[in-house]
Amino acid sequence: MTQLDPDEVKPSVLRLKRASGQLNAVIRMLEAGQDCEEVITQIAAVSKAIDRAGYSIIAHGMRTCLLNDPTGESINAQKLEKLFLSLS
């Protein structure tokens, strides 16, 4: 893939910061003995936010690669597939 441009991935950074806050809230919920269903709902939300950030970063990398090489010949399909699967 390619180096990430900090300005281009700002939305992912913001999403991950929100997810970090959500995760801290989940930890507090567990420490306070909150309802299981509420905790799991929040864990699912954190997980989804992290996954979306990951997919967004992969998409950014793909766009950058295709801008640099419109033929796509330099893209390592195996590596790209591994990145996608690491998020599943």
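The exercises below, each with a worked solution, concern a predicted model.

Residues are numbered from 1 along each chain as its sequence is written, and side-chain values use heavy atoms, with hydrogens and water left out. Because the model is predicted, local features need pLDDT of at least 70 and side-chain atom pairs count only at pLDDT 80 or more, while totals for chains, interfaces and linings use all residues.

**Exercise 1. Confidence**

State the mean pLDDT of the protein and find which elements have the lowest and the highest mean pLDDT.

Solution.
- Step 1: pLDDT is the predictor's confidence in each residue, from 0 to 100.
- Step 2: The protein has a mean pLDDT of 88, and 99% of its residues reach 70 or more.
- Step 3: Helices (H or I, at least four residues) and strands (E, at least two) are DSSP runs, numbered from the N terminus. Among the elements, the lowest mean pLDDT is that of H3 (81) and the highest that of H1 (96).
- Step 4: Where pLDDT is low, predicted coordinates should not be read in detail.

**Exercise 2. The salt bridge**

Identify the residues that form the salt bridge and classify the exposure of each.

Solution.
- Step 1: The criterion is a side-chain nitrogen of Lys or Arg within 4 Å of a carboxyl oxygen of Asp or Glu.
- Step 2: One salt bridge is present in the structure. Its partners are Lys10 and Asp7, with the closest N and O atoms 3.7 Å apart.
- Step 3: Buried means under 20% relative accessible area, exposed over 50%, and partly exposed in between (1.4 Å probe, protein chains only).
- Step 4: Lys10 has a relative accessible area of 48% and is partly exposed, whereas Asp7 is exposed at 55%.

**Exercise 3. The largest nonpolar core**

List the residues of the largest nonpolar core and trace the contacts of Ala19 and Val26.

Solution.
- Step 1: A nonpolar core is a set of buried Ala, Val, Leu, Ile, Met, Phe, Trp, Tyr and Cys residues joined through side-chain atoms within 4.5 Å.
- Step 2: The largest has six residues: Ala19, Val26, Met29, Val39, Val46 and Ala49. Helix H1 (10-31) and helix H2 (36-68) are the elements that give two or more residues to this core.
- Step 3: Contact means heavy atoms within 4.5 Å. Not counting residues up to four places away in sequence, Ala19 touches Val46, Ala49 and Ile50.
- Step 4: Val26 belongs to helix H1 and is buried, at 3% relative accessible area. With neighbours within four places in sequence left aside, Val26 is in contact with Val39, Gln42, Ile43 and Val46.

**Exercise 4. Helix H2**

Compare the span of H2 with the expected value, then examine its start and its buried residues.

Solution.
- Step 1: The expected span of a helix is 1.5 Å times one less than its number of residues. H2, with 33 residues, reaches 48 Å from its first C-alpha to its last, close to the expected 48 Å.
- Step 2: At the start of H2, a side-chain oxygen of Asp35 comes to within 3.1 Å of the backbone nitrogen of Glu37.
- Step 3: The buried residues of H2 include Ala53, Ile58, His60, Gly61 and Cys65. H1 and helix H3 (77-86) are among what covers the buried residues of H2.
- Step 4: His60 has a relative accessible area of 5%. Leaving aside neighbours within four places in sequence, His60 contacts Leu4, Asp5, Glu8 and Val9.
- Step 5: Gly61 is buried at 2% relative accessibility. Between Gly61 and Glu8 the C-alpha to C-alpha distance is 10.0 Å, and they are 53 residues apart in sequence.

Notes:
Polar contact = N/O pair within 3.5 Å; in protein donor to acceptor, adjacent residues only side chain to side chain.
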